[in-house]
Amino acid sequence: MPTEKNKSIGLLALANLAPYAEKDGEEYMNEAQLEHFKTILFAWRTQLREEVDRTVHHMQDEAANFPDPVDRAAQEEEFSLELRTRDRERKLIKKIEKTLKRIEEDDFGFCDSCGIEIGIKRLEARPTADLCIDCKTMAEIKEKQLQG
């Protein structure tokens, strides 16, 4: 168990960053904050791209023609799971690209639904968020009602 207080985890650790410390009277989504999030997004995108490359090489190296149908089926299942994971990661890379574009267009950090600030802590946890926590909660409730 880590003994350090406020130990960085997840995306912040991936980008070798500490949580952003807001200063008194600091404007929301100023240049320093935008750079903080760009660093996080670039590190995340790089890590995902490396995983995609690793999977391609792994699948090429591991491709074998097993004589036993059980071995063949196990390998196909493993490949299928990896491909599904990589597909989700490709979608996530597209979402990261979209978020980076929003930063460049100065449209980052505000809820698409109601327009309020999403918040630094929420964005550090989920940098691709485009809804505030209240709007996201309502959207999830509506989705469950439509499915139910």
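The following exchange concerns the nonpolar core, the largest cavity and an annotated domain of a predicted model.

Visitor: Which helix supplies the largest share of the largest nonpolar core?
Guide: The core has 26 residues, and Met29, Phe37, Ile103, Phe108 and Leu123 touch the most other members. At least two core residues come from each of H1 (11-14), H2 (31-62), H3 (69-104) and H4 (120-125). The largest share, seven residues, belongs to H2.

Visitor: Leaving aside neighbours within four places in sequence, which residues is Ile103 in contact with?
Guide: Ile103 is among the core residues that touch the most other members. Contact here requires heavy atoms within 4.5 Å. Beyond its sequence neighbours within four places, the residues that Ile103 contacts are Leu34, Phe37, Lys38, Leu41 and Phe108.

Visitor: How many charged residues are in the lining of the largest cavity?
Guide: Searching the whole structure yields one cavity of 30 Å³ or more, and the largest cavity holds about 80 Å³ of space. Its lining includes Lys95, Lys98, Arg102, Asp107 and Asp130, together with residues such as Phe108 and Gly109. By class, the lining comprises four nonpolar and three polar residues, and the number of charged residues is five.

Visitor: How far apart do the end C-alpha atoms of residues 107-137 lie?
Guide: An unreviewed UniProt entry assigns the feature "domain: Zinc finger DksA/TraR C4-type" to residues 107-137. This span is 35% helix and 0% strand. The separation of its end C-alpha atoms is 22 Å.

Definitions and conventions:
Residues numbered from 1 in each chain as written. Predicted model: local features only at pLDDT ≥ 70, side-chain atom pairs only at ≥ 80, totals over all residues. Heavy atoms only, no water. Core = buried A, V, L, I, M, F, W, Y, C linked by side-chain atoms within 4.5 Å. Buried < 20%, exposed > 50% of the residue type's maximum accessible area, 1.4 Å probe, protein only. Helix = DSSP H or I, 4+ residues; strand = E, 2+ residues; numbered from the N terminus. 1 Å grid on protein atoms, 1.4 Å probe; cavity = no way out; pocket = protein on both sides within 12 Å on 5 of 7 lines; lining within 4 Å. Points joined across faces, edges and corners; volume = space filled by probe spheres on them. Nonpolar A, V, L, I, M, F, W, Y, C, P; charged D, E, K, R; others polar. UniProt positions renumbered as here; feature names shortened; annotations may be inferred.
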